[in-house]
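Me: Can you pick one part of this and take me through it closely? Feel free to come at it from a neighbouring bit of architecture, as long as you end up somewhere worth staring at.

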Amino acid sequence: MQSHHEEDVHFSSSSIRIHSPPFKEHTLLTNLQSCSKTLLSHLSNTRHSLNRVFESLKNRHDTPPRLTQTRPVRRSNSPTQMLSSVTQLMIGNSSPISLSLIQSSSTQLNWTDPGAENTEITRGLDSPLLCCASLSLTRPNESVEGKDTIQQQKGHSVSRNAEERVLISEVLVRTKDGEELERKDLEMEALAALKACRANSALTIREVQEDVHRIIESGYFCSCTPVAVDTRDGIRLMFQVEPNQEFRGLVCENANVLPSNFIQEAFGNGFGKVINIKRLEEAITSINGWYMERGLFGIVSDIDTLSGGVVRLQVAEAEVNNISIRFLDRKTGEPTKGKTSPETILRQLTTKKGQVYSMLQGKRDVDTVLAMGIMEDVSIIPQPAGDSGKVDLIMNCVERPSGGFSAGGGISSGITSGPLSGLIGSFAYSHRNLFGRNQKLNVSLERGQIDSIFRINYTDPWIEGDDKRTSRSIMVQNSRTPGNLVHGNQPDNSNLTIGRVTAGIEYSRPFRPKWSGTAGLIFQHAGARDEQGNPIIKDFYSSPLTASGKTHDDTLLAKLESIYTGSGDRGSTMFAFNMEQGLPVLPEWLCFNRVTGRARKGIHIGPARFLFSLSGGHVVGNFSPHEAFVIGGTNSVRGYEEGAVGSGRSYVVGSGEMSFPMRGPVEGVIFTDYGTDLASGNTVPGDPAGARLKPGSGYGYGLGVRVDSPLGPLRLEYAFNDQQAGRFHFGVGLRN
């Protein structure tokens with residue numbers, strides 16, 4: 001509360017702090033409606049009172065009072081007092097102001113709202129700290145009477161008189177006690193904010209009101225009271241201001257996730273300076289923006305200035321109170337009973353109870369649940385958890401059919417002769433959600449004219465009770481694949497196949513962002529057969545087909561693999577490292593060590609995308625000849641048939657290509673490949689590559705087109721090798 005006495009007239013003003021409670025829109029609307037009614041009532045009363053003042057002034061305007069220095073002249077109805085009272089009318093569109101006007105006479109008049117002082121106005125966070133004034137013009141030792149009589153007066157002269165101009169000889173900025181401001185910079189800020197009020201200018205009430213608003217809006221002052229003083233030189237207009245405190249400290253409450261260094265950066269420039277409301281609003285906007293950028297349910301709910309220049313900042317962060325799963329029918333969209341265990345879904349979520357809810361994190365959780373492969377649609381709906389300021393999350397899930405049969409076909413890359421010999425057909429049964437725990441069972445059969453694969457695979461994507469997201473996969477497979485990649489080109493045009501019976505178990509888990517690891521144990525029983533299905537141990541060139549000299553080789557492999565996937569998009573950075581160790585549990589079981597690595601890097605330059613890839617490997621120990629590294633073909637060196645470059649204990653293959661958009665999903669590509677067995681072909685048992693006169697190294701180059709499809713990129717390419725021979729290549733998906 002502040003006051004100033006001038007010629008028996010008492011000016012008083014008080015500040016109202018405006019609060020902004022979070023997440024209560026119904027309260028906000030109710031308070032705004034109440035505020036609007038209060039302002040209309042005050043404005044109506046003020047107009048009635050001003051009307052009577054102006055009418056009284058008109059009757060006495062022709063006889064202006066004389067000023068003397070020895071005795072104060074009491075001018076209850078002088079133009080000076082009229083201006084002094086009316087210019088305190090600060091009711092505007094942005095600042096709710098209440099005004100009371102009391103006139104000294106035999107009957108005391110009062111137009112005030114008894115509840116005005118306790119009126120609390122709630123508004124949004126556009127202006128979290130706004131000081132406004134409740135102004136009054138009173139005379140000492142006067143009673144309050146006749147209120148009802150004055151409120152009954154009607155008239156429309158206030159707006160007309162508000163436009164009448166009064167000549168101002170001098171404009172000053174002073175403290176609330178009428179003294180000069182200690183800080184001249186603040187005085188200059190206030191004077192700079194004035195637009196209409198200048199010395200030797202004729203002003204209206206509206207213009208004074210607008211300049212009062214401008215001083216408050218400059219942000220440096222918590223109150224401003226216009227006071228008119230009649231002097232011998234004319235009417236002096238003083239703006240009595242109260243500067244804000246100096247910024248000496250900051251207290252931030254309930255900010256659990258907001259970094260302290262961010263708060264310091266937002267407010268750091270203001271320490272030791274006079275608090276500026278506009279700067280505070282900018283800091284609050286930046287804090288709210290920090291929450292918004294991260295999708296967090298958080299906002300600055302209140303700000304206050306304590307004694308000693310300490311600013312108290314209150315933050316409201318909506319924590320997750322509860323998370324529930326609701327299953328919806330695929331056809332009707334109505335709630336239904338789901339087949340999936342809710343615990344299976346909930347443990348996939350990174351959003352937990354007690355955390356500040358993040359919409360971005362919620363979106364990632366939705367993507368994670370969809371990636372399980374058992375849901376058609378997933379959405380999260382946040383709802384208020386009563387009046388606690390927390391939120392309840394409801395995850396709506398629409399389940400897919402859990403299992404079924406499927407059939408299809410394809411092309412085997414290992415077949416190089418005959419127009420139809422590479423075609424294969426497939427039949428499979430799969431169950432996506434065993435026991436309602438997202439466990440997968442797949443039984444498939446692929447059959448071609450030469451090769452066939454029968455596989456049973458069971459996968460638990462997340463082992464129950466494990467907190468590291470470890471998955472388990474159990475596999476049993478019986479396959480027969482062409483052996484011409486290593487032992488092809490038989491002079492008698494005969495074909496041989498490699499039969500394998502494999503069983504194993506693998507465990508995989510992510511251990512760092514974008515990194516995953518796999519460890520497993522695999523047993524393999526493998527041997528070669530001729531076209532009649534009879535076991536054989538040597539090919540046409542008398543090269544051995546097994547390492548043990550028997551019809552079959554037995555191997556127990558311990559496998560370790562680590563993969564970095566980058567963003568996972570096509571052309572993103574990828575790195576994979578794999579090591580397999582043969583364990584000679586029995587003397588006849590093979591013992592060897594095989595290491596392989598693959599790397600890929602994509603670079604965008606304008607519309608073009610450059611992709612570079614490199615792969616290599618090496619084997620140490622006694623291994624089966626058909627397990628040698630094969631070089632040449634669609635996924636190796638294009639321009640050569642599959643395995644036509646060579647086969648060895650070691651290999652390196654590099655590739656570079658440039659792709660560019662053509663039209664829609666079609667893009668063109670220019671590429672070049674190079675591969676070598678590092679002169680290791682003769683170290684493979686029987687030297688099958690040397691017997692077939694394979695060069696051991698070669699390169700290819702060409703161009704092609706690619707089309708995006710649900711199966712992945714469809715690739716049609718034509719390449720020349722270093723022997724100037726051309727060849728078409730067709731592939732599905734990315735190159736290995």
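Reply:
**Hairpins, sheets and a core**

Let's start with β21 and strand β22 (residues 452-460), which pair in the antiparallel sense over eight bridges. Strands here are DSSP runs of E with at least two residues, helices are runs of H or I with at least four, and both are numbered from the N terminus; two strands pair if DSSP finds at least two bridges between them. This is a predicted model, so local features need pLDDT of at least 70 and side-chain atom pairs count only at pLDDT 80 or more, while totals for chains, interfaces and linings use all residues. Residues are numbered from 1 along each chain as its sequence is written, and side-chain values use heavy atoms, with hydrogens and water left out.

Within that pair, L441 sits opposite Y458 in β22, and three residues make the hairpin connection from β21 to β22. On its other link, β21 (residues 439-448) is joined by nine bridges to strand β20 (residues 423-434), again antiparallel. L434 faces Q439 in β21. That hairpin has four residues between its strands, and F435 in the turn takes a positive phi of about 60 degrees.

Now for the part I'd really stare at: the largest nonpolar core, which has 24 residues. By nonpolar core I mean a set of buried Ala, Val, Leu, Ile, Met, Phe, Trp, Tyr and Cys residues joined through side-chain atoms within 4.5 Å. Buried is under 20% relative accessible area, exposed is over 50%, and partly exposed lies in between (1.4 Å probe, protein chains only). The residues with the most contacts inside the core are C197, I215, F221, C224, L237, F239 and V241. Two or more core residues come from each of β7 (166-168), β8 (170-175), α5 (184-193), α6 (205-217), β10 (221-231) and β11 (234-243). In general, nonpolar side chains in soluble globular proteins tend to be buried together.

I215 is a good place to zoom in. Not counting residues up to four places away in sequence, I215 touches A190, A193, L194, F221, C224, F239 and V241, where contact means heavy atoms within 4.5 Å.

What are those strands doing? β8, β11 and β10 make an open sheet of three strands in the order β8-β11-β10, with mixed pairing. β8 and β10 are the edges, each with a single partner strand, so one side of each has no neighbour in the sheet. Neighbouring strands are turned by 25 degrees against each other on average, direction ignored. β8 and β11 run parallel and share six bridges, and V173 has F239 of β11 as its bridge partner.

Two helices go with this sheet. α5 packs on it, touching β8, β10 and β11, at about 135 degrees to the direction of β8. For such angles, axes are lines fitted to C-alpha atoms, for helices over the stretch in contact, and the angles run from 0 to 180 degrees between N-to-C directions. α6 lies across β10 and β11 and runs at about 145 degrees to β10.

Which side of α5 is buried? Its buried residues are L186, E187, A190 and A193. They cover an arc of only 125 degrees around the axis (the arc of the directions from the helix axis to the C-beta atoms), which puts them on the same side of α5. The cover over them includes β8, α6, β10 and β11. The face turned away from that buried side carries the exposed residues M188 and A192.

As for α6, its buried residues are I205, E207, V208, Q209, D211, V212, H213, I215 and I216. Its 13 residues should span 18 Å at 1.5 Å a residue, and the end C-alpha atoms are 18 Å apart, which agrees; the expected span is 1.5 Å times one less than the number of residues. Just after α6, G219 has a positive phi of about 95 degrees.
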